[in-house]
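Please open the structure in a viewer and keep the selection tool at hand. The stops below are meant to be taken in order.

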Amino acid sequence: MPLVRIDLRAGKPAAYRRAIADGIHQALVETIGIPPDDRFQVITEHPADGMVVDPAYLGIQRSDDVVLVQVTLSAGRKPAQKRAFYARAAELLAREPGLRPQDLMISLLETTWENWSFGDGEAQYTQ
Amino acid sequence: MPLVRIDLRAGKPAAYRRAIADGIHQALVETIGIPPDDRFQVITEHPADGMVVDPAYLGIQRSDDVVLVQVTLSAGRKPAQKRAFYARAAELLAREPGLRPQDLMISLLETTWENWSFGDGEAQYTQ
Amino acid sequence: MPLVRIDLRAGKPAAYRRAIADGIHQALVETIGIPPDDRFQVITEHPADGMVVDPAYLGIQRSDDVVLVQVTLSAGRKPAQKRAFYARAAELLAREPGLRPQDLMISLLETTWENWSFGDGEAQYTQ
């Protein structure tokens, strides 16, 4: 159910981008109960001038490797689950592909359960 | 008013992508009362590794042709209208360009009427 | 905190795109209290068939230069602030890079304060 948009600077190997996507998904599975096969991700590479990110907002030192992750998910997760997701995502990506935790920016968009169709023209979550 | 983001694998002809965009818009017009000229769509092609989609979540068999559609629209549509939209979109895209209904994933993001400016620096829906 | 997505037709110089991004950010700072260093923007260029925009919805004459701006921000801004943002953005972009006000379409997505992590795996706004 989550639709995950990942935006980052172009130039990394495919395996690097895949590791980002894998880590974000694993963190969602572990911390907020997303089923392992509930995975829908869009990873977009951008030229240097296609992302403008402040290098120090809130005292966090960001580099050109910054990754912007926006997750659309159904409403209902508690704040503690969201915090666990941020922490676990940063931890997993630090391990593989070696992203600095300062370079992971995440935002969540919450929507209702009736706002999803996973195929066949049906609203599977309202059935 | 809807802002529609359509993400799909690169490699299809322009006419194919246009048919996807046309069908989504027509379904919005027919099922949830969007004016025919209220059309704002972004269609983005991605390389093979730019989309990671589970091939069988909820038992739906997805292919590399999967299309992810995210519609931002003003809140207020009833569940029955949303379900009608999903069904009609799948039906129209199956007809033209021949998309398998299993390959159409839709999500909705709802926002308020004051959250739109269609030009001229004004909030047209609050006037 | 705002995550700003800017979509426009490919073919403009980098300085043109940068001026769009700068103007949107300045308008957010001036009208709705965004800190100057709270800047996270993704600017994406699209081929001609990658954007489908009605050329006259609501009587506004749009050209191929149309720019679609979608801002994700924390909820709580008053309607008057939002209207001020639309107006100021149109004004600034008309000045530099010379965008016609009719060609600026803005939408806002509001989310909660706990839905942001700006790095380090933490939810900075809930601390």
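The tour of this predicted model proceeds from a strand to a sheet, then to a contact between chains and a helix.

**First stop: strand S4 of chain A**

Select residues 67–74 of chain A, which form strand S4. Seven of its eight residues are buried, and the strand is mostly covered. Now add strand S1 (residues 3–9) of chain A, which runs antiparallel to S4(A) and is joined to it by six bridges. Within this pair, A:Leu3 stands opposite A:Thr72. Next, add strand S5 (residues 104–111) of chain A: eight bridges connect S4(A) with S5(A), and the pairing is parallel. Here A:Val71 faces A:Leu108. Finally, display helix H2 (residues 79–95) of chain A, which makes a right-handed β-α-β unit together with S4(A) and S5(A).

**Second stop: a sheet built from three chains**

Which strands form the open sheet, and in what order? Select S3(A), S2(C), S1(C), S4(C), S5(C) and S6(B), in that order; these six strands form the sheet, with mixed pairing. Strand S3 (51–53) of chain A and strand S6 (116–117) of chain B are the edge strands, each pairing on one side only.

Within the sheet, strand S4 (residues 67–74) and strand S5 (residues 104–111) of chain C run parallel and are joined by eight bridges. C:Val71 stands opposite C:Leu108 in S5(C). Display helix H2 (residues 79–95) of chain C as well: H2(C) lies across S6 of chain B and S5 of chain C, at about 145 degrees to S5(C).

**Third stop: where chain C touches chain B**

Select the contact between these two chains, in which 33 residues of chain C meet 28 residues of chain B. On the chain C side, S3 (51–53), S4, H2 and S5 each supply at least two residues. Which of the elements gives the most? It is H2(C), with eight residues. The chain C side comprises 19 nonpolar, five polar and nine charged residues.

Strand pairing also links the two chains: strand S2 (residues 40–46) of chain B and S3(C) run antiparallel, joined by three bridges. B:Val42 has C:Met51 as its bridge partner.

**Fourth stop: helix H2 of chain B**

Select residues 79–95 of chain B, the 17 residues of helix H2. At 1.5 Å a residue, the helix should span 24 Å, and the 25 Å between its end C-alpha atoms agrees with this. Among its buried residues are B:Phe85, B:Tyr86, B:Leu92 and B:Leu93. To see what covers the buried residues, display helix H1 (14–32) and strand S5 (104–111) of chain B, along with strand S6 (116–117) of chain A, which are included in that cover.

Note on methods:
Residues numbered from 1 in each chain as written. Chains lettered and ligands numbered in written order. Predicted model: local features only at pLDDT ≥ 70, side-chain atom pairs only at ≥ 80, totals over all residues. Helix = DSSP H or I, 4+ residues; strand = E, 2+ residues; numbered from the N terminus. Expected span 1.5 Å × (residues − 1). Buried ≥ 20, exposed ≤ 12 C-beta atoms within 10 Å, placed from the backbone. Contact = placed C-beta atoms within 7 Å. Pairing = 2+ DSSP bridges. Axes fitted to C-alpha atoms, helices over the stretch in contact; angles between N-to-C directions. Nonpolar A, V, L, I, M, F, W, Y, C, P; charged D, E, K, R; others polar. Right-handed = clockwise from strand over helix to strand, strands pointing away.
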